Amino acid sequence: MAAVTVGFDKDAFKKEVKDNVRVLYRKNLEEADNLQIFNAVCFAVKERIIEDWMATQKEYEKKDPKTVYYLSMEFLMGRALGNNLINLGMYADVKKALKELGVDINVVEDQERDAALGNGGLGRLAACFLDSLATLGYPAYGCGIRYRYGMFKQQIRDGYQVEVPDNWLKDGNPFELRRPEYTKEIKFGGYVAVDTDANGRQHFHQEGYQSVKAVPCDMPVVGYGNRVVNTLRIWDAEPVECFQLDSFDQGDYRKAVEQENLARNIVEVLYPNDNHYAGKELRLKQQYFFISASVQEAVEKYMRTHDDIRKFHEKVTFQLNDTHPTVAIGELMRILMDDYKLTWDEAWDVTTKTCAYTNHTIMAEALEKWPIELFSRLLPRVYQIIEEINRRFVEQISQKYPGNQEKIRKMAIIYDGQVKMAHLAICAGYSVNGVARLHTEILKNQELRDFYEMMPEKFNNKTNGITQRRFLLHGNPKLAAWVTSHVGDEWITDLPKIKKLAVYADDEKAQQEFMNIKYQNKLRLAKYIREHNGIEVDPRSIFDVQVKRLHEYKRQLLNILHVMYLYNRLKTNPEIDFYPRTFIFGAKAAAGYKNAKLTIKLINSVADVINNDASINGKIKVVFIEDYRVSNAELIFAAADVSEQISTASKEASGTGNMKFMLNGAITLGTMDGANVEIVEEVGEENAFIFGLSSQEVINYENNGGYNPTEIFNNDGDVRGVLMQLINGTYSPDDPERFRDLYNSLLNTQSTSKADAYFILKDFRSYAEAHERVEKAYRNEAGWARSAILNVACSGKFTSDRTIQQYVDEIWHLDKVKVPKKRESRKTK
């Protein structure tokens, strides 16, 4: 099933693990604790990675291929050890070697903390893309920040989300390499000085600035079975001068550590709360910090082996993963003009052939805009450049649409006191892509329509994908082995080959095997829930799962309101024929997002009531999984029966959780939104449960009005009963007003926002009816197994290998590089 290890020497590996324990900890293996054994194993594995990493770099130096730099604020990598072992083809061998040492590989893997370098789908997509780039053999760097505490570690206390630091680096990071030789200086603030040379040309340079050092730490990204090891480069910050002793001696203790604090703050956390000015400033600093470092290094790396910076774009492309890295456009222009003395037109030509932009959201709030005062003060030279880009772009708009001030208002990069980063990315990028077909069409026809009309050739779609190597091969080994036993192992690097599984969908024996594997995975998750939540769940119940970032448009609120509705039905009619269900939630809410955090409290309050009500005989259980992350996601996807993908139609760009559930044989219950549309196309609507308004219906209501949630409240007694429970103390007897803001958001009572902006009440009945279809379908085990197997069989389109190949063919134009096989193979023992 896994890639074949060339000459794995089991005895040598065992000796290396024991030697590492002795050298690192001055202990014998028998005396070492699990964490120490984990580190010893990682360093033994790292030695084999380093060999391939060096071979890959040598091949890149020899072939001089074009390289993509994937610039992203987030890389949600998950644990590294198991994934590296699988891609090296060593997992089974290492498992056996460790077993002979009396060590359980699962216990070893569980010592690793998830790398806290990302939060949601944006970061996990970036991680999947790096895996695919390496597996397909394309030269790539991922570039981001080495956050010390991630976004936060989520704890649930008294039902509330509490954010605590995610100290993932506490015990070290055995796979990373610190590369101080590539340290860069990053400048903030000050002013721009201008000199004029003898030819009358002006030269600009920054003065009076504060600066920090950016120090790269490299993490290997191992391709599957091909010896290719690419690099995730995450930048750490250090002060230019660590400690000012003279200030300390004079009693100015704050100034003594001022530079150290500046550096530390930049890399402390992902997405600091920006509900205040200081938070906004820190976010912009973070973005410029890793972008400036990455662009500087990309240019210097190119110039080490080339002599004409004007051809930079022939060997380098920058992919901007959403608007966060867009400052790369201004920074590349700055370096080309100020450091390499290119003219504006020369620098613009290079920049506009180098930068490409991926849009990840239709939500206007996520299209970043910076106050001019903040941007110009923090990045004075880059702001000057963006101002000039804007001046020229506005001229182009005026030429194409003479006298049309409305076009300028909608499209200008700088307008109304703001710098609009999405507009900059579209103006300067040579490609603008959406991440699902529906999303791209909405961008072209709605949100970015003016830009599409002016420059249609830039716009294209790249439907997202996931890596099957982590989310099936590693995350669900029982199902992976079953798939391989039926259709061979080509699916590991060519997921569409999994389509051959479809012939088994009607096979009774295959159906029973599949459902047994699902049951075993549900037992595994039930054990996790018992250990972490103290809740007993029935593995024979329907596992109905919604795990994703918490946002109002993703409608976790709709889900829990429906659970309340089902509970009310059971209480009213205890004898009703009701198939047991376990509703599983997992989500982090942004620290400053009040309604999202209140929704988490509601879910947990409902869980407390329902889970402790003996009268319903365990027919409903509600579980909120604390600190949702990649490692527990693998357990959840494998165990799910129903995949809740219930965002308001037109709001979700793509979604990738939907694909992970599908790959693991869960059936989608969802709206026709994002990639759900394409999932249904692949598997057939009869093998999914679709409900709710269409995206066009939502857009029509938003543009033309005509929806009044109060009418539903007045006319639907079940809905009214559920909503009244938000404010009558049913789930908050100590404070009946606790969930008032959620109630208000749906009915616009004392609220400044639009009533039920995400159409929860409008879709409620359709959602409840879809759940009835789920229950009916699940009672037919053979029919359910058939649909679930077909979901797995039809998941081939949704591999990130396909997505990356489309980026390569249609945007980046990279060439594959093959790393030669090892000449000598050691004897397998």
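Contacts in the protein chain mostly link residues far apart in sequence: of those with a separation of 6 or more, 77% join residues 24 or more positions apart. Contact here just means heavy atoms within 4.5 Å. The model is a predicted one, so local features need pLDDT of at least 70 and side-chain atom pairs count only at pLDDT 80 or more, while totals for chains, interfaces and linings use all residues. Residues are numbered from 1 along each chain as its sequence is written, and side-chain values use heavy atoms, with hydrogens and water left out.

On to the overall build. The protein chain holds 33 helices and 23 strands, which are DSSP runs numbered from the N terminus (helices: H or I, at least four residues; strands: E, at least two). Its radius of gyration is 27 Å, close to the 28 Å from the globule rule for 829 residues, so the chain is as compact as a globular protein of that length. That radius is taken over C-alpha atoms, and the rule is 2.2 Å times the number of residues to the power 0.38. Along the principal axes, the C-alpha atoms fill a box of roughly 95 × 75 × 60 Å. The accessible surface adds up to about 32400 Å², with 47% of that belonging to carbon and sulfur atoms; areas come from the Shrake-Rupley method with a 1.4 Å probe, and for residues only the protein chains shown count as cover.

What about the inside? Of the 829 residues, 62% count as buried, meaning under 20% relative accessible area (exposed is over 50%, partly exposed in between; 1.4 Å probe, protein chains only). In soluble globular proteins, nonpolar side chains tend to be buried together. The largest nonpolar core in this model has 153 residues, and Phe-13, Trp-491, Leu-525, Leu-561, Ile-620 and Leu-723 have the most contacts inside it. Such a core is a set of buried Ala, Val, Leu, Ile, Met, Phe, Trp, Tyr and Cys residues joined through side-chain atoms within 4.5 Å. Helix 22 (residues 556–572) gives the most to this core, with 10 residues. A second, separate core of 122 residues includes Leu-133, Tyr-147, Tyr-288 and Leu-379. Back in the largest core, Phe-13 touches, beyond its neighbours within four places in sequence, residues including Val-41, Val-45, Met-90 and Val-94.

Some polar side chains are tucked away too. Asp-9 sits in the segment before helix 1 (10–25) and is buried at 14% relative accessible area. Its side chain reaches two backbone nitrogens, that of Asp-11 at 3.3 Å and that of Ala-12 at 3.1 Å. These are polar contacts: pairs of N or O atoms within 3.5 Å where, within protein, one must be able to donate a hydrogen and the other to accept it, and residues adjacent in sequence count only if both atoms are side-chain atoms. Gln-286, in helix 10 (residues 277–305), is buried at 0%. The Gln-286 side chain reaches the backbone oxygen of Ile-266 at 3.0 Å and that of Val-269 at 2.6 Å. Leaving aside neighbours within four places, Gln-286 also contacts residues including Met-73, Ile-145 and Tyr-147.

Finally, the cysteines. A search of the whole structure turns up 0 disulfides, where a disulfide is a pair of cysteine sulfur atoms within 2.5 Å. Cys-128 is buried at 1%, and its sulfur is 18 Å from the closest cysteine sulfur, in Cys-143, which is too far for a bond. Cys-355 is buried at 0%, with the closest cysteine sulfur, in Cys-427, 11 Å away and likewise too far for a bond.
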